[in-house]
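Visitor: Please choose one part of this model and show it to me closely. Then follow the thread from there into the rest of the chain.

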Amino acid sequence: MKNKKIFGVFLAWVTLMACSVFSPVGGANLPTQTGNETPVVISVKDSKISPVDQMVLVYVPEGDFIMGSDAMGPVDNGPEHVVSLDAFWIDQTEVSNGQYLECVKSGACSPPGNQEEYGLYNHYDEIEYKDHPVEFVNWYQASDYCQWAGRRLPTEAEWEKAARGSEGWLYPWGNELPNRELLNYKGSNGQVNPLGGTNRVGSYPAGASPYGVLDLAGNVSEWVADWYEQHYYKSSPSENPQGPTSGTTKVVRGGDWDTYDVVIFSSYRISIKPGLTLSGTGFRCAESGSR
């Protein structure tokens with residue numbers, strides 16, 4: 001009964017926010033940092049709302065899924081293997097600037113960084129960007145936020161299952177090639193992103209995963225909990241893998257607004273030093289437990 005009530009709240013929230021948040025983007029002549037205003041309702045089987053940051057979390061049931069790929073990407077994407085996970089919850093969207101600002105105000109989070117040498121700056125405290133995903137946060141800052149919100153960073157396996165479902169899809173929306181109605185990205189090699197930066201979280205409902213999770217491809221790349229090891233999949237556990245016990249870099253998933261199509265399929269792995277704050281790098285949180 002509790003989850004049904006929460007889901008009812010979620011549906012009301014979707015209806016209220018549809019015109020401003022869930023707006024697919026397409027076309028080559030879009031103004032910077034905006035999407036169109038087409039309302040779309042996302043179908044989610046089960047959800048709840050965090051009392052701390054008002055994030056909508058969606059439920060991912062226990063069971064097997066196909067992780068990795070033998071055909072797509074570099075050697076660290078394989079071998080393809082079956083992994084079994086316990087049930088968990090994951091943020092429906094990437095953490096926004098407005099949400100992160102509240103954590104900074106509470107004293108639990110430090111402000112995002114910048115890349116001043118490249119003329120790149122964060123907008124986390126600017127009202128017009130409050131619904132855009134926070135970027136320029138390092139792994140430690142992402143972890144601090146999730147702890148403040150009563151959650152944690154998802155494991156690499158949880159992130160990939162949330163994106164691919166149990167059918168082993170190449171992308172969150174299926175096996176259809178990417179386009180600008182599905183995600184915020186550059187496009188094919190040599191193309192330019194017409195937005196020139198991030199878009200509001202949840203702006204691509206047509207790109208939702210099988211569980212109703214949004215923005216798992218493009219917009220910002222996302223930190224996950226795991227240390228990176230190139231050949232980890234060759235010996236990783238088949239149940240609830242947590243990643244290597246140590247390392248020098250952390251795994252980042254999903255691609256961002258400034259990447260091409262070759263890096264946004266759901267099994268693609270990137271490794272970054274955990275202390276780096278980069279444009280186009282953000283995160284979402286997860287939570288263990290059943291319904």
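Guide: Let's start at N240, which is partly exposed at 27% relative accessibility. On this scale buried means under 20% relative accessible area, exposed means over 50%, and partly exposed lies in between, with a 1.4 Å probe and protein chains only. Please keep in mind that this is a predicted model, where local features need pLDDT of at least 70 and side-chain atom pairs count only at pLDDT 80 or more, while totals for chains, interfaces and linings use all residues. Residues are numbered from 1 along each chain as its sequence is written, and side-chain values use heavy atoms, with hydrogens and water left out.

The backbone at N240 deserves a look: its phi is near 45 degrees, a positive value in a residue other than glycine. N240 sits in the loop between strand 6 and strand 7. Helices (H or I, at least four residues) and strands (E, at least two) are DSSP runs, numbered from the N terminus. Strand 6 covers 221-227 and strand 7 covers 250-253, and the loop between them also holds E239. E239 counts as exposed because its relative accessibility is 57%. On the surface, E239 joins E62, D64 and D86 in a patch of negative charge. Such patches are made of residues with over 30% relative accessible area and no salt bridge, with like charges joined within 9 Å and nonpolar side chains (Val, Leu, Ile, Met, Phe, Trp, Tyr) within 5 Å. Asp and Glu count as negative here, Lys and Arg as positive, and His and the chain ends are not counted. Each charge is placed at NZ of Lys, CZ of Arg, CG of Asp or CD of Glu.

From N240, turn to D215, another non-glycine residue with positive phi, near 65 degrees. D215 is found in the loop between helix 4 and strand 6, and at 4% relative accessibility D215 is buried. G207 belongs to the loop between helix 4 (156-164) and strand 6 as well, and G207 is buried at 5% relative accessibility. The C-alpha atoms of G207 and P178 are 8.9 Å apart, with their positions 29 residues apart in sequence.

That loop leads back to helix 4. Because 9 of its 9 residues are buried, helix 4 is largely enclosed by the rest of the structure. Charged residues are among the buried ones, including E156, E158, E160, K161 and R164. After the helix comes G165, with a positive phi near 70 degrees.

What do these charges pair with? E158 meets R152 in a salt bridge, 2.8 Å from N to O; a salt bridge is a side-chain nitrogen of Lys or Arg within 4 Å of a carboxyl oxygen of Asp or Glu. R152 is partly exposed at 27%, whereas E158 is buried at 8%. Salt bridges that share partners also join E156, E160, R164, R253 and R269 into one network. The whole structure has 13 salt bridges. One of them pairs R151 with D91 at 3.0 Å, N to O. This pair spans 60 residues, from D91 in strand 5 (residues 88-91) to R151 in the loop between helix 3 and helix 4. R151 and D91 are both buried.

Helix 3 also takes part in a covalent link. C146 and C285 form a disulfide, with sulfur atoms 2.1 Å apart; a disulfide is a pair of cysteine sulfur atoms within 2.5 Å. It ties distant parts of the chain, 139 residues apart: C146 lies in helix 3 (residues 139-148), and C285 lies in the loop between strand 9 (281-283) and strand 10 (286-288). The link is left-handed, with -90 degrees about the S-S bond, and both cysteines are buried. The chain has 2 disulfides by this rule. The other joins C103 to C109, S to S 1.9 Å, and is right-handed at 70 degrees about the S-S bond. C103 is buried at 0%, and C109 is buried at 8%.

How values were computed:
Accessible areas come from the Shrake-Rupley method with a 1.4 Å probe; for residues, only the protein chains shown count as cover.
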